[in-house]
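Please read the following explanation alongside the sequence and the model. It goes from the sheet to its hairpins, then to the helix packing, some backbone details, and the pocket.

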Amino acid sequence: MVTRAELLAQGWQMEEWADYAGLVGPFWWRGEGTARTYGLLCDGKHRNERGTIHGGLIATLADHAIGLIVWDSVDRRPCATIQMNIQFIGACRVGDFIEASGDILRSGRSIIYARGLLSVAGKPVAGVDGVWKLLEA
């Protein structure tokens with residue numbers, strides 16, 4: 001089990017959001033630009049009826065994190081997820097800290113392809129790939 005104090009000591013920064021992301025967060029991040037890694041500390045509110053972390057939360061973190069990596073790659077211009085595929089590889093539990101990292105595969109004039117990996121303590125829990133659309137300002 002990871003604590004907030006341990007995350008702060010490791011250089012993670014907590015970020016509260018006022019929208020949907022705020023309902024499931026807080027989210028964490030560290031790094032710079034597209035080299036940022038994002039994270040979420042799993043809490044009891046994230047459990048499903050089997051006691052593991054709900055797959056919807058993992059998908060939300062994937063969309064949020066990879067979307068921010070895409071956003072940073074286009075100089076923070078508006079963009080939206082138009083397709084996202086997720087492969088669940090392992091289970092997460094309350095107290096786990098899920099890290100999400102990713103990279104840009106290809107970037108065109110208005111379409112960006114990206115992929116990512118979500119892991120707990122270095123063990124993969126989900127893979128993700130998707131397509132993001134650059135929007136008009």
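Two strands are said to pair if DSSP finds at least two bridges between them. By that rule, strand 2 (residues 27-30) and strand 3 (residues 37-41) are a pair: they are joined by 4 bridges and run in the antiparallel sense. One of the residues involved is Trp29, whose bridge partner in strand 3 is Tyr38. The model is a predicted one, and what follows describes that prediction.

This pair belongs to an open sheet of 7 strands, with antiparallel pairing and the strand order 1-2-3-5-6-7-4. At the edges stand strand 1 (13-15) and strand 4, each of which pairs on one side only. From one strand to the next, the twist averages 30°. In a regular strand, side chains alternate between the two faces of the sheet.

Further along the order come strands 5, 6 and 7. Strand 5 and strand 6 run antiparallel and are joined by 9 bridges. In this pairing, Arg106 has Tyr113 in strand 6 as its bridge partner. The two strands, 5 and 6, form a hairpin, and 3 residues lie between them. Strand 6 also pairs with strand 7, again in the antiparallel sense, over 10 bridges. Here Leu118 stands opposite Ala126 in strand 7. Strand 6 and strand 7 likewise form a hairpin, with 2 residues between them.

The turn of this second hairpin holds a backbone detail. Most residues other than glycine have a negative phi, and most peptide bonds are trans. Ala121, in the loop between strand 6 and strand 7, has a positive phi near 50° although it is not a glycine. Is Ala121 buried or exposed? Its relative accessibility is 74%, and because exposed means over 50%, Ala121 counts as exposed.

Asp75 is another residue with a positive phi that is not glycine, with a value near 55°. Asp75 is placed in the loop between helix 3 and strand 4. With 69% relative accessibility, Asp75 too counts as exposed. The peptide bond from Gly25 to Pro26 is cis, and its omega is near 15°. Pro26 is found in the loop between helix 2 and strand 2.

The loop that holds Asp75 also holds Arg77. Arg77 has a relative accessible area of 45%, so it is partly exposed. Which residues does Arg77 contact, leaving aside its neighbours within four places in sequence? They are Trp71 and Leu134. For a sense of distance, the C-alpha atoms of Arg77 and Val128 are separated by 22 Å, while the two residues are 51 residues apart along the chain.

Thr37, by contrast, is a residue of the sheet, placed in strand 3. Buried means under 20% relative accessible area, so Thr37, at 18%, counts as buried. What does Thr37 touch, not counting residues up to four places away in sequence? Its contacts are Trp12, Trp28, Trp29, Arg30, Glu99, Ala100 and Ser101. Among these, Trp29 is the residue that has Tyr38 as its bridge partner.

Now turn to the pocket. The largest pocket has a volume of about 280 Å³. The elements that give two or more residues to its lining are helix 2 (20-24), helix 3 (55-73) and strand 4 (79-88). Which residues lie nearest the centre of the largest pocket? Of the 14 residues that line it, these are Asp63, His64, Gly67, Leu68 and Thr81. Helix 3 provides the largest share of the lining, 6 residues. Sorted by class, the lining has 8 nonpolar, 4 polar and 2 charged residues.

To return to the sheet as a whole, its 7 strands are in the order 1-2-3-5-6-7-4, and the twist averages 30° from one strand to the next. Helix 3 packs on this sheet and touches strand 2, strand 3, strand 4, strand 5 (97-107), strand 6 (111-120) and strand 7 (123-134). The direction of helix 3 makes about 135° with that of strand 4. Helix 3 is thus a part of both descriptions: it packs on the sheet, and it gives 6 residues to the lining of the largest pocket.

Key. Residues numbered from 1 in each chain as written. Predicted model: local features only at pLDDT ≥ 70, side-chain atom pairs only at ≥ 80, totals over all residues. Heavy atoms only, no water. 1 Å grid on protein atoms, 1.4 Å probe; cavity = no way out; pocket = protein on both sides within 12 Å on 5 of 7 lines; lining within 4 Å. Points joined across faces, edges and corners; volume = space filled by probe spheres on them. Nonpolar A, V, L, I, M, F, W, Y, C, P; charged D, E, K, R; others polar. Axes fitted to C-alpha atoms, helices over the stretch in contact; angles between N-to-C directions. Contact = heavy atoms within 4.5 Å. Buried < 20%, exposed > 50% of the residue type's maximum accessible area, 1.4 Å probe, protein only.
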